[in-house]
Amino acid sequence: MLHLLGAVALVAIVSTSPEVAAFPLSLSSFAASANRLVARADAVYSPPVYPTPETRATGDWTVAVNKAKAELSTWTLAERAALATGDLWQPPGLCVGNVKPIASTGFPGLCLQDAPVGVRVADLVSAFPSGVNVAATFDRTLMFSRGLAMGNEFKGKGVNIALGPGMNPARTAEGGRNWEGFGADPYLQGEAAYQTITGMQASGVQATAKHFIGNEEEHLRIESSSNIDDRTLHEIYLHPFLRSVQANVANVMTAYNQINGSWAAQNSKLNNGILKGELGFSGTVMSDWAGARSGLASALGGLDMNMPGVPNWLTFDGTSYWGVDNLLKMVSNGSMPESRVTDMATRILSSWYLLGQDVDFPATNFNGWDLTDEATNQHVNVQDDHYKLIRQMGSSATVLLKNTNNALPLKNPKSLLVIGDDAFPSSKNGDPNFYTYRGGNDGTLAVGWGSGANDFPYLVDPLSAIIARSASLKTNVTSSRNNFDLAAAGALAGGKDAALVFINSNSGEAVSIVDGNDGDRNNISAWGGGDQLVLAVAAKNKNTIVIVHSVGVMDTELWIDHPNVTAVVWAGLPGQESGNSCADVLFGDVNPSGRLPYTIAKDQSHYVHATPLSNTESHPQVTYSEKLNVDYRHFAANNLKPRFPFGFGLSYTKFSYSGLSIKTLSLTSAQTTDLHAPKYTVNFTVQNCGSVSGEDVPQLYLTFPSSASEPPRVLRGFTKVSLAAGKSVSVSLALSTYDLSIWDVVKQKWVKPSGTFKVVVATDALAAASLSGSI
Ligand SMILES: *[C@@H]1O[C@H](CO)[C@@H](O)[C@H](O)[C@H]1NC(C)=O
Ligand SMILES: *[C@@H]1O[C@H](CO)[C@@H](O)[C@H](O)[C@H]1NC(C)=O
Ligand SMILES: *[C@@H]1O[C@H](CO)[C@@H](O)[C@H](O)[C@H]1NC(C)=O
Ligand SMILES: *[C@@H]1O[C@H](CO)[C@@H](O)[C@H](O)[C@H]1NC(C)=O
Ligand SMILES: *[C@@H]1O[C@H](CO)[C@@H](O)[C@H](O)[C@H]1NC(C)=O
Ligand SMILES: *[C@@H]1O[C@H](CO)[C@@H](O)[C@H](O)[C@H]1NC(C)=O
């Protein structure tokens with residue numbers, strides 16, 4: 001039952017943990033297994049941190065934790081234990097995860113449901129833009145609004161806990177779930193996570209920050225170990241979770257993988273030491289589905305809720321590592337203190353009280369197991385007018401990468417070719433599981449596949465939207481869905497005022513293999529012969545405009561410099577209003593203001609790649625040897641020139657920056673001890689010096705003193721400003737001591753290196769400074 005490297009991690013309890021005396025039996029059995037295995041000198045190691053800190057009534061959690069403690073003081077141990085395990089992934093629970101009602105206490109139970117883009121397996125819900133598009137907006141207001149709108153839909157359906165947002169920083173180019181998260185920079189991930197969670201929880205629904213931690217690829221995710229050094233963990237991967245805790249996130253979901261050889265759901269260093277200890281997380285640590293690999297070790301290692309309760313994906317015989325029986329046995333045989341069970345329950349109930357779910361929370365009114373069962377489905381329409389926000393976010397996230405001689409916006413074209421399967425509706429529309437477990441790449445791509453997707457109420461395809469928008473212009477729109485008849489494509493392209501070529505690249509969770517892609521992509525080129533289609537059209541049309549729907553980075557080298565490719569529009573995964581968002585940008589109704597949330601390389605060797613499926617180790621060791629040099633940091637550190645850097649995006653107008661001033665604020669003593677209090681303000685003016693109104697995203701990067709050994713530039717601020725032609729606005733960005741600190745692995749705390757920090761305001765991560773100053 002114990003796995004080799006997990007056992008190595010556990011043996012250390014014997015030698016160093018002060019809790020040894022309390023659990024002699026279980027520890028000696030761990031030790032017996034582990035002694036045989038410990039010999040590997042190079043074995044990765046995760047230090048033991050026990051016991052799990054109990055949740056405390058502090059800050060915004062004070063009232064909720066006190067209520068939970070008072071309520072639980074009247075419950076039996078068995079009643080408390082009943083909160084901690086899911087209903088074993090089966091009806092009559094209605095949701096993807098369910099905590100059963102506890103009749104003797106009056107507790108109504110909990111419904112947990114995917115997904116990070118809206119309610120999954122439910123009807124009359126909206127399909128929101130994916131996380132990668134949320135990041136591309138660089139717009140905190142929209143991030144918050146989307147969180148709130150999604151939260152309202154979950155609540156309207158009677159979902160207590162929404163299983164998102166995801167926030168893994170896209171370490172590998174092919175990572176199947178990269179699109180669920182908010183791009184490749186931890187600061188951007190953190191801001192998007194903070195706003196999403198704050199918005200979602202403002203609706204009264206509990207959010208879930210996931211996956212904690214190091215789930216950066218889908219290949220072999222169940223068996224592999226992400227080996228991450230302490231500084232890299234803190235500065236890159238932990239930051240979005242820190243921001244989530246600051247947003248009072250109610251739940252954190254652990255990853256499937258190991259970290260340093262210890263499964264995420266039982267990694268005591270991470271769950272007890274870092275999450276509940278260092279970050280002071282007050283809520284519930286939940287496993288990913290069947291992600292708990294043990295009973296006792298997970299319970300002691302800081303897991304509070306085992307979901308959906310089954311021991312693994314092959315066992316549905318009613319057994320569980322947890323359940324009331326096992327948790328009680330762990331207590332009665334002396335392996336676990338009763339206080340651990342009480343703390344699990346306190347955390348779960350505190351989250352429930354924090355969101356006010358004890359008062360008038362709607363009962364679950366849909367059945368994710370069977371949407372056709374009229375007895376359990378009330379078909380509550382929760383869509384409201386969210387389509388407006390979805391359409392706006394779609395265009396706000398659209399990144400204009402190339403625009404030679406103002407090819408865009410389109411100016412009353414007489415004739416247009418719209419070509420590519422990606423411009424068309426899916427032939428599988430209406431298939432209820434199509435988007436979540438996408439049976440094939442078919443029609444326009446508006447979301448990736450897996451549990452991070454939801455079912456679309458409808459999907460506006462680009463062709464229909466373009467025909468509708470151009471009707472009043474009397475444009476003759478010709479279209480073709482055929483990606484592979486290149487001669488026909490060229491013939492259609494000839495003579496048109498513009499040829500719009502729609503291509504895409506898809507990926508998803510390792511629950512389905514699509515066109516041979518097992519979650520992670522096999523390559524980062526266009527799917528469906530997209531590159532050859534672009535070349536065939538560009539050979540015959542001097543105004544070829546490429547529109548890309550992609551889950552993440554995609555190689556553009558085959559055609560990006562082609563003189564006839566005049567414009568490139570990066571549309572990401574926009575959700576249900578996809579076509580309208582796209583037409584808004586193409587025809588100039590909206591000025592594009594998205595910025596790339598990752599770097600597009602010229603040379604694929606500049607990326608970190610996913611572990612090949614051909615790896616045959618029983619536990620593939622995935623060492624994060626690039627350390628802090630993730631995405632643009634790697635390019636900056638090694639003087640590599642990418643095709644398009646992180647933060648890049650064009651506009652139909654132009655902006656200029658001026659008047660940088662930096663001020664150190666005088667702080668009160670309370671503020672001085674708060675690492676996160678604003679300490680410096682960085683002010684400057686942004687002017688729209690073009691002829692149309694538009695939105696800009698000024699970005700603040702820091703260069704640390706060289707003694708800090710940081711990458712040359714790190715993002716520490718951004719904002720989105722909207723400006724009419726000729727107008728200007730002053731921008732003020734704040735920096736805290738934390739923003740200027742590095743994680744000192746010896747002192748085990750954040751330390752501001754001494755020396756001069758360079759403050760750079762720039763249009764992307766690698767662009768020359770538009771303004772610079774120093775601190
Ligand atoms: C993983 O191991 C590295 C040393 O190789 C150490 O710096 C880090 O703290 C460990 N992290 C965890 C979570 O065990
Ligand atoms: C105590 O009970 C738990 C749960 O059944 C079990 O995993 C553990 O091995 C038991 N320990 C001992 C020493 O019996
Ligand atoms: C539109 O273009 C197609 C081919 O490109 C042509 O056959 C058709 O006659 C045109 N229609 C109009 C109304 O001009
Ligand atoms: C990349 O993968 C896609 C999807 O499986 C496939 O259609 C395409 O042909 C592949 N491209 C290359 C260059 O291998
Ligand atoms: C660009 O398109 C024109 C047709 O308008 C064609 O004659 C020319 O060969 C194309 N250029 C390239 C480099 O393919
Ligand atoms: C920047 O602007 C803010 C808000 O307008 C102001 O409080 C601050 O003093 C300004 N800082 C500088 C350096 O001018």
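User: Which residues form one aromatic cluster with Tyr-632 and Phe-646?
Analyst: In this predicted model, the structure holds 19 aromatic pairs. Tyr-632 and Phe-646 belong to one aromatic cluster. The other members of that cluster are Phe-138, Tyr-187, Tyr-701 and Phe-718.

User: Is the Phe-212 and Phe-241 pair edge-to-face or stacked?
Analyst: A pair of aromatic rings is described by the distance of the centres and the angle of the planes. For Phe-212 and Phe-241 the centres are 5.0 Å apart and the planes make an angle of 70°. Planes over 60 degrees apart count as edge-to-face, so the pair of Phe-212 and Phe-241 is edge-to-face.

User: Which elements hold Phe-212 and Phe-241, and how many residues apart are they?
Analyst: Phe-212 sits in strand β4 (residues 208-212), and Phe-241 sits in helix α9 (residues 239-246). Both Phe-212 and Phe-241 are buried. The pair links distant parts of the chain, and the separation in sequence is 29 residues.

User: What is the geometry of the pair formed by Tyr-632 and Phe-646?
Analyst: The ring centres of Tyr-632 and Phe-646 are 4.9 Å apart, with 35° between the planes. Planes under 30 degrees apart would count as stacked and those over 60 as edge-to-face. The pair of Tyr-632 and Phe-646 is therefore neither by that cut-off, and its class is tilted.

User: Why does the pair of Tyr-632 and Phe-646 tie together parts that are apart in sequence, and how many residues apart are they?
Analyst: Tyr-632 belongs to helix α19 (residues 632-637), while Phe-646 belongs to the loop between α19 and β19 (655-664). Tyr-632 is buried at a relative accessible area of 0%, and Phe-646 is buried at 0% as well. Because the two partners lie in these separate parts, the pair ties together positions whose separation is 14 residues.

User: Is Ser-550 buried or exposed?
Analyst: Ser-550 is found in strand β16 (residues 544-550). Leaving aside neighbours within four places in sequence, Ser-550 is in contact with Ser-505, Arg-521, Trp-570, Gly-572 and Leu-573. The relative accessible area of Ser-550 is 1%, so this residue is buried.

User: Which residue has its backbone oxygen 2.8 Å from a polar atom of the side chain of Ser-550?
Analyst: A polar contact requires N or O atoms within 3.5 Å. The side chain of Ser-550 has a polar atom 2.8 Å from a backbone oxygen. That oxygen belongs to Gly-552.

User: How many residues apart in sequence are Ala-84 and Met-307?
Analyst: Ala-84 lies in the loop between α4 (77-82) and β1 (97-99) and is buried, at 1% relative accessibility. Among the residues that Ala-84 touches are Asp-304, Met-305 and Asn-306. The C-alpha atoms of Ala-84 and Met-307 are 8.5 Å apart in space, and their sequence separation is 223 residues.

User: What share of the accessible area of ligand 4 does the protein cover?
Analyst: The residues around ligand 4 are Asp-515, Asn-517, Asn-523, Trp-527 and Gly-528. Polar side-chain atoms lie 2.9 Å from a ligand 4 oxygen for Asn-517 and 2.4 Å for Asn-523. Of the 360 Å² of accessible area that ligand 4 has on its own, the protein covers 57%.

User: What share of the accessible area of ligand 3 does the protein cover?
Analyst: Asn-476, Thr-478 and Lys-496 surround ligand 3. A polar side-chain atom of Asn-476 lies 2.4 Å from a ligand 3 oxygen, and for the side chain of Lys-496 the distance is 3.3 Å. Of the 360 Å² that ligand 3 has on its own, the protein covers 25%.

Definitions and conventions: Residues are numbered from 1 along each chain as its sequence is written. Chains are lettered from A and ligands numbered from 1 in the order in which they are written. This is a predicted model: local features need pLDDT of at least 70, side-chain atom pairs count only at pLDDT 80 or more; totals for chains, interfaces and linings use all residues. Side-chain values use heavy atoms; hydrogens and water are left out. A residue is near a molecule or strand if one of its heavy atoms lies within 4 Å of it. A polar contact is a pair of N or O atoms within 3.5 Å; within protein, one must be able to donate a hydrogen and the other to accept it, and residues adjacent in sequence count only if both atoms are side-chain atoms. Accessible areas come from the Shrake-Rupley method with a 1.4 Å probe; for residues, only the protein chains shown count as cover. Helices (H or I, at least four residues) and strands (E, at least two) are DSSP runs, numbered from the N terminus. Buried means under 20% relative accessible area, exposed over 50%, partly exposed in between (1.4 Å probe, protein chains only). Contact means heavy atoms within 4.5 Å. Rings of Phe, Tyr and Trp (its six-membered ring) pair if their centres lie within 6.5 Å; planes under 30 degrees apart count as stacked, over 60 as edge-to-face and the rest as tilted.
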